[in-house]
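Here is a short tour of one chain, written to be read with the structure open beside you. Let us start at the surface and work towards the core.

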Amino acid sequence: MDRVDEILAQWNRERPDLDVTSMGLIGRIRRLAAHLGREMEKTFAAHGLNSATFDVLATLRRSGPPYGLSPGDLLAAMMITSGTLTNRIDQLEKAGLVKRNHNPEDGRSVIVSLTDKGFSAIDAAVTAHAATQARLVASLPAADKAALDALLRGYLARFENPA
């Protein structure tokens with residue numbers, strides 16, 4: 001039994017007319033996301049980052065050389081508002097982790113790219129992040145990891161790739 005089972009039992013007692021099966025699934029996903037998020041935030045903090053700044057740096061790093069993207073490409077990859085992105089870029093620029101350069105193909109726009117300091121910071125952070133994530137799923141047998149991954153991939157695809 002977990003805490004969600006206790007909550008479901010209370011609802012079943014108080015409102016036996018409701019089917020709370022979905023509440024259990026979603027409640028567990030949300031609670032797991034919160035637990036996992038707290039652990040990952042600790043890793044980011046150890047590198048002077050948070051999930052928001054890590055996301056920008058990681059998006060730039062995984063884009064490949066020259067590790068720069070237009071703000072529009074960053075927005076598309078991160079699914080945040082332009083105001084939120086501008087704030088994140090401003091913070092990272094002040095920290096010396098990214099720089100804005102004029103786009104050589106269009107002088108009216110900019111390219112946001114990693115500085116050498118930013119490249120080193122994200123490489124160290126992503127190495128620690130991968131280790132944290134491995135630790136967080138280490139208690140699951142390999143077959144369970146594969147099955148859970150397949151189930152979640154199919155469920156997520158229904159939201160991100162509706163037919």
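## L152 and its surroundings

L152 has a relative accessibility of 42%, so it counts as partly exposed, since that class lies between the buried limit of under 20% and the exposed limit of over 50%. Please keep in mind that this is a predicted model. You will find L152 in helix α7.

L152 also belongs to a nonpolar surface patch of about 890 Å². Its companions there are L25, I26, I29, V137, L140, L148, Y155, L156 and F159. Two elements, α2 (21-45) and α7 (142-160), each give two or more residues to this patch. Helix α7 is the one that gives the most, with five residues.

## The annotated domain

The UniProt record, an unreviewed entry, lists residues 22-157 as "domain: HTH marR-type". Within residues 22-157, the chain is 70% helix and 12% strand. The C-alpha atoms at the two ends of that stretch are 18 Å apart.

## Strands β1, β2 and β3

Where does the strand content show itself? A good place to look is the pair made by β2 (residues 98-103) and β3 (residues 106-114), which are antiparallel and joined over six bridges. With two residues between them, β2 and β3 form a hairpin. Two partnerships help to set the register: K99 has S113 in β3 as its bridge partner, and H102 stands opposite V110 in β3.

Strand β3 has another partner in β1 (residues 68-69). These two strands also run antiparallel, and two bridges join them. Here L69 is the residue that stands opposite V112 in β3.

## Inside the nonpolar core

Which residues touch the most other members of the largest nonpolar core? They are L57, L60, L74 and V98, out of the 22 residues in this core. The elements that supply two or more residues are α2, α3 (51-62), α4 (71-78), α5, β3 and α6 (116-137). Among these, α3 provides the largest share, five residues.

## Salt bridges

Side chains of opposite charge can pair when their charged atoms come close. In this model the count comes to eleven salt bridges. One of them joins the side chains of D2 and R28, with N and O 2.7 Å apart. That pair links distant parts of the chain, for D2 lies in the segment before α1 (3-14) and R28 in helix α2, 26 residues apart. Both ends are partly exposed: D2 has a relative accessible area of 30%, and R28 has a relative accessibility of 28%.

A second example is the salt bridge between R100 and D90, at 2.8 Å from N to O. This pair, too, links distant parts of the chain, with R100 in strand β2 and D90 in helix α5 (residues 82-94), ten residues apart. R100 is partly exposed, at 29% relative accessible area, and D90 is partly exposed at 30%. Returning to the D2 and R28 pair, salt bridges with shared partners join D2, D5 and R28 into one network.

D17 and R15 make a further salt bridge, their closest N and O atoms being 2.7 Å apart. Are these two partners buried, partly exposed or exposed? D17 has a relative accessibility of 56%, so it counts as exposed, the limit being over 50%. R15 is partly exposed, with a relative accessible area of 35%.

## From helix α6 back to S109

One last stop is V126, which is found in helix α6. At 33% relative accessibility, V126 counts as partly exposed. If you trace back to S109, 17 residues apart from V126 along the chain, the C-alpha atoms of the two are separated by 29 Å.

Methods. Residues numbered from 1 in each chain as written. Predicted model: local features only at pLDDT ≥ 70, side-chain atom pairs only at ≥ 80, totals over all residues. Heavy atoms only, no water. Patch = residues over 30% accessible without salt bridge, like charges linked within 9 Å, V, L, I, M, F, W, Y side chains within 5 Å. Areas by Shrake-Rupley, 256 points an atom, 1.4 Å probe, with all protein chains shown as cover. Salt bridge = Lys/Arg side-chain N within 4 Å of Asp/Glu carboxyl O. Helix = DSSP H or I, 4+ residues; strand = E, 2+ residues; numbered from the N terminus. Buried < 20%, exposed > 50% of the residue type's maximum accessible area, 1.4 Å probe, protein only. UniProt positions renumbered as here; feature names shortened; annotations may be inferred. Pairing = 2+ DSSP bridges. Core = buried A, V, L, I, M, F, W, Y, C linked by side-chain atoms within 4.5 Å.
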